[in-house]
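Hi everyone, thanks for coming. I'd like to walk you through one chain today, with charged side chains as the topic. Please have a look at the screen.

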Amino acid sequence: MSESTTVYEALPGLSVPLGNALKELTAMWSPVDESGRRKDNEYRASRMNLIVHIGFEVSLEEAKELFQTVIGFSHRYPCRMILLCPQPESWESQEDMQCKIFSECVFGEGAGGMSCCEVLILGYTLSDRRFLENQVSVFLETDLPTYYWPTRFGSAELLSDYKFFFTQAERILFDSSRESFLIDQVDVPQPEKIHDLSYSRLLPIRQSIGQFLSAFPKEAIIDGLREVTLSSSASFKCEGRALMSWVASALKGCYATPEDANGRLRFDQQEAGDDSATPIMSFVYENDNYVTFTIDLAKGEAHVEGNLGKGKQELTTGVRLLDPETALAEALFHG
């Protein structure tokens, strides 16, 4: 691979004229019968449009990884992926924009076990920026929901320029572990649409914590509670921030009013140790109560120990971070 290779050039796909992209994509799914007519393909069924918008900060390997993540996701949830690849102004192309198409089918078990995905890859320079929304609108399947996943834009200001996609999408995905800024720095008209993949990856850990605490009435959990701390490596910082936000929201819901919670609770997240350091979350009380969650991802287990007025109790369960495809599904459909 040459040093001049761009993300668009590095991704797989068949180059087609931009104006013929949908026609060529349809031809992939519609085989020709004996009479020369094209017939519908029963396996070409999409559940959604997924716009993946790759920023200039992404490496070629990251782009390939993202591509394979969505392809793997589409094996379970067939979709039309529209992959947007901004290119440097020096990029040489015969067209204002260039397009590739890609398709893949996988076979499952039993009748009707095959599913297919389709990808439209659009390469554009910033001088083509004013045409981008119109071209993407042409590519969308208008009767299906649309989701938007921008990644590696480098700054909140650059990402804020794409308000069209924010307004069109039912959900906006953001992976705080990949970005150099926080999503609340981005000008999103409806911030409730945003779902952080760092939070979604935590599902098994959140379930483990919830399983332990669900055995106690909320009054016992907050009786004397003054502080929640999380100590972890820098590599768990974004997941840790999402975990602390979830715990804070759950605990504050145990109080009569938000003001009561804000006046009594403190939350503190600290970095400690190297990248192999085990995350430890502690509930600190002013009485004899305590709860400690030790999350050992290397061993794939969480150990919970605490006393909430019923004597010492312990629980060990299996935990992991969700794989990229499952985390993507969690963020899109559940959050």
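Let me start with a term: I call it a salt bridge when a side-chain nitrogen of Lys or Arg is within 4 Å of a carboxyl oxygen of Asp or Glu. By that rule, the count here comes to 16 salt bridges.

A word on where this comes from. The model is predicted, so local features need pLDDT of at least 70 and side-chain atom pairs count only at pLDDT 80 or more, while totals for chains, interfaces and linings use all residues. Residues are numbered from 1 along each chain as its sequence is written, and side-chain values use heavy atoms, with hydrogens and water left out.

Now the overall picture. The chain has 12 helices and 14 strands; these are DSSP runs numbered from the N terminus, with at least four residues for a helix (H or I) and at least two for a strand (E). Of the 335 residues, 48% are buried. Buried here means under 20% relative accessible area, exposed means over 50%, and partly exposed is in between, with a 1.4 Å probe and protein chains only. If we take contacts, meaning heavy atoms within 4.5 Å, and keep those with a separation of 6 or more, 71% are between residues 24 or more positions apart.

Back to the charges, and to one residue I'd like you to find: Arg152. Which residue does Arg152 pair with in a salt bridge? The partner is Glu62, and the closest N and O atoms are 3.3 Å apart. Arg152 lies in the loop between strand E6 (146-151) and helix H5 (156-160), and Glu62 in helix H3 (residues 60-76), so the pair ties together parts that are 90 residues apart in sequence. Are the two buried or exposed? Arg152 is partly exposed, at 23% relative accessibility, whereas Glu62 is buried at 17%.

Arg152 has a backbone feature too: its phi is positive, about 60°, although the residue is not a glycine.

This pair also belongs to something wider. Glu62, Glu65, Arg152, Asp175, Arg178, Arg201 and Glu239 are linked in a network of salt bridges. Within that network, Arg178 and Asp175 meet at 3.6 Å, N to O, and both of these residues are buried.

One more pair before we finish: Glu133 and Arg129 form a salt bridge with their closest N and O atoms 2.7 Å apart. Glu133 and Arg129 are both buried.

That's my tour, thank you!
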